[in-house]
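Trainee: Could you take me through one part of this model slowly? I'd like to look at a single sheet and then see what sits around it.

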Amino acid sequence: MSQETTGAPLEIIAASLRRERTRAGLSLTEVARRAGLAKSTLSQLESGTGNPSVETLWALGVALDVPFSRLVEPERPKVRVIRAGKGPTVFAEHADYACTLLSACPPSARRDMYLIRAEPGTPRRSDPHMTGVMEHIVLCAGRARVGVLEAPEELNPGDYISYPGDVPHIFEALEPGTYGVEISEYV
């Protein structure tokens, strides 16, 4: 093989190893053990001072349960666009209320994100969710009464509210065209 061939930059490999080890929640010692490497070797690789062989990187990929390519290519940002009026939408049974899932909870987090659209009329009353759920809403347009059923707050565009979702709660549009972003946080 020609010596002119250039390898993956060591700083990319170092950053990738640190990122994937952190994502896996593993210590240097544990990853080194799983890969059959000395802890000092892995430490050097993560600091960008080591020069790993293909075999070493394959062993680390197996230890971290990631493809080989994830260790030698820079991470590319994951961009997702959901155009207005698109996305998986569910409608309320007794209220003019629609909920569009914007982002499902990834394995490393405990939250879901929704676009909420509602029109005046019958309010959306929600039964308690699982224990510990917190809901966060930023109202984007219109006006709404939002929060725990016994004491909802009136929100205007730009207002933010958080409240426990494990008690009865309400979202009531007070103006046509009311919508906001909701984050349900599972603690």
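Mentor: Sure, and keep in mind that this is a predicted model. Let's start with a pair of strands: β6, residues 144-148, and β9, residues 169-173, run antiparallel and are joined by five bridges. To pick out one of them on your screen, find G147, whose bridge partner in β9 is I170.

Now widen the view. β6 and β9 belong to an open sheet of four strands, in the order β4-β9-β6-β7, with antiparallel pairing. At the edges you'll find β4 (124-126) and β7 (153-155); each has a single partner strand, so one side of each is left without a neighbour in the sheet. As for the twist, neighbouring strands here are turned by 15° against each other on average, if you ignore direction.

Two of these strands also take you to a pocket. β4 and β9 each supply at least two residues of the lining of the second largest pocket, and so do β1 (89-91), β2 (97-103), β5 (133-141) and β10 (178-186). That pocket has a volume of about 320 Å³. Its lining comes to 20 residues, and the ones nearest the centre are Y97, R124, H129, E135 and E182. Sort the lining by type and you get 13 nonpolar, four polar and three charged residues. If you're colouring by residue type, start with E135 and E182, which are among those nearest the pocket's centre, then step outwards through the rest of the lining.

Note on methods: Residues numbered from 1 in each chain as written. Predicted model: local features only at pLDDT ≥ 70, side-chain atom pairs only at ≥ 80, totals over all residues. Heavy atoms only, no water. Pairing = 2+ DSSP bridges. Axes fitted to C-alpha atoms, helices over the stretch in contact; angles between N-to-C directions. 1 Å grid on protein atoms, 1.4 Å probe; cavity = no way out; pocket = protein on both sides within 12 Å on 5 of 7 lines; lining within 4 Å. Points joined across faces, edges and corners; volume = space filled by probe spheres on them. Nonpolar A, V, L, I, M, F, W, Y, C, P; charged D, E, K, R; others polar.
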